[in-house]
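Subject: Handing over a structure, with notes

Dear colleague,

I am passing on to you the structure shown below, together with some notes on what was found in it. Please keep it open beside the text as you read.

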Amino acid sequence: MKRGWTRVVEVNLAPNWVDSGVDVRRGQSVNVSATGTIVVGRSRLTPNGLRGAIDPTAPLPSAPEGLLVGAISNDPNAPILEIGQAREFAAERDGRLYLTVNRGSFNDARGSYTARVRTERATLVPVNPRTRSDRNTQTPPAEEDDDLFGEPNRRPTEPAAARPRTPSNQTSTPSANSGRELTIEVAGNSRGTETGVELRRGDRVRITASGSVVTGRRAGMVSPDGGRAGLGGIIGTYPLPNAGTGALIGAIRMADGQLQGPFLVGKNLTFESPIDGSLILFVNDDNYDDNSGSFSAVVRY
C-alpha cells in the first residue's frame, strides 16, 4: 500500500457500529489490523472470532461470532466485510468506514478491540493550518502522514451519521441470563476442539449433536453415539473406554490445564458443570489419522 493515513480505533460492543472516522473512495485500498479481547458472558472473543461458533442474531450470521467486521456507509443494505485480525481490501463504494463485533447481544460485553485502519493518502479531512503554528514548519508533510491521529494538534474528520447494529424492526438478543447457543463443528480427527465456552460450577449445559464420522475400516461410519465399544482398537486405549468407537465425548479443561472427564456426549446430553473451566469436545478413538467427516454440536448454556 502507498504511504497514507493511519487511525487507531477502539471497537466495542454497543448499540451502534463504531465510526472509524475514515472516509474511503471506491477502489481505494484499505488495510485493517486488530488486537484485543472482549469478554461476553463466559466467553473470550478475539478479532478472528470463535471457531465454529455462529450467532444467528449477529450482523453477519454466517461468520464466526466475535469476528471483527466492517461496512462502508450507514446504509443498512451495504455489504458487510469480514475483517478479522488483519485484512486489506478495495473499497466497493464511497463512504465512511464503520466497524463492529459480529455478535447480536451487547449487554453483557466487556473490553474492546483495537483496530488500526490505514488508507492511501488524502482520504481524511486535511490538517487545520491554525493548529500547526507550534510545530516545526520544516518537517515535510510526507513524514507526518502516519501520525495523523497520534498527534494532539491534529484534527480528525467530523463524526458521521450513526449506523445501528440492529434494524429498527428487530431487537437485540437477551442478555446471558436467558442463555446462549453456539454451533461447534467437531472434525472426525479431532483430538480436542475448543468450543470457546467458559463454564462455571453449576452451569446447566445441553448439547445436541448430528452428523457422522468414519473411524477407520473396521468401525466404519458412526453417529455421535458411536459404534461398538472397542471396535477397531485395543480395549482400554480410548479416552472413554466404555463408550462407542467414534462417539462424541467432552471434557472440561481447568485453569491449571488439567482435564476433568472425559464424559459421553452422544446425540444428546444435559448436565450441570461440576467445576469451572473450558468445554472441550472430541471423538472417542485411539487412532485419528484415518478418520474423516464431522459432528455438528449445538451447545446451549
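In what order do the strands of the open sheet of four strands with antiparallel pairing that includes strand 2 stand? Before the reply, please bear in mind that this is a predicted model. The order is 2-8-5-6, and the sheet is an open one with antiparallel pairing. Its edges are taken by strand 2 (18-24) and strand 6 (80-82), and each of these has a single partner strand, so one side of each is left without a neighbour in the sheet. From one strand to the next, the twist of this sheet averages 30 degrees.

Within this sheet, strand 5, which covers residues 68-72, runs antiparallel to strand 6 and is joined to it by three bridges; in this pairing Gly-70 stands opposite Leu-81 of strand 6. The loop between strand 5 and strand 6 holds Ser-73, a residue that has a positive phi of about 90 degrees although it is not a glycine. Is Ser-73 buried or exposed? Its relative accessibility is 13%, and because buried means under 20%, Ser-73 counts as buried.

The second sheet to look at is also described as open, and its four strands come in the order 11-17-14-15 with antiparallel pairing. Here the edge strands are strand 11 (193-199) and strand 15 (259-264), each of which pairs on one side only. Neighbouring strands of this sheet are turned against each other by 25 degrees on average, if direction is ignored.

Strand 14 deserves a closer look in this sheet. Strand 14 is mostly covered, with five of its six residues buried. On one hand, strand 14 pairs with strand 17 (residues 277-283) in the antiparallel sense over six bridges, and there Gly-250 stands opposite Leu-281 of strand 17. On the other hand, strand 14, made up of residues 248-253, is joined by four bridges to strand 15, and these two strands run antiparallel; the bridge partner of Arg-253 in strand 15 is Leu-259. Strand 14 and strand 15 form a hairpin with five residues between them, and in the turn Gly-257 has a positive phi of about 90 degrees.

Strand 15 also contains Pro-262, and the peptide bond that joins Gly-261 and Pro-262 is cis, with an omega of about 10 degrees.

How many aromatic pairs does a search of the whole structure find? The search finds one. It is made by Phe-263 and Phe-271, whose ring centres are 5.2 Å apart and whose planes stand at 55 degrees, so the pair is tilted. The reasoning behind that word is that planes under 30 degrees apart count as stacked and planes over 60 as edge-to-face, while the rest count as tilted. Of these two residues, Phe-271 has a relative accessibility of 13% and therefore counts as buried.

With best regards

Terms used:
Residues numbered from 1 in each chain as written. Predicted model: local features only at pLDDT ≥ 70, side-chain atom pairs only at ≥ 80, totals over all residues. Heavy atoms only, no water. Phe/Tyr/Trp six-rings, centres within 6.5 Å; stacked < 30°, edge-to-face > 60°. Buried < 20%, exposed > 50% of the residue type's maximum accessible area, 1.4 Å probe, protein only. Pairing = 2+ DSSP bridges. Axes fitted to C-alpha atoms, helices over the stretch in contact; angles between N-to-C directions.
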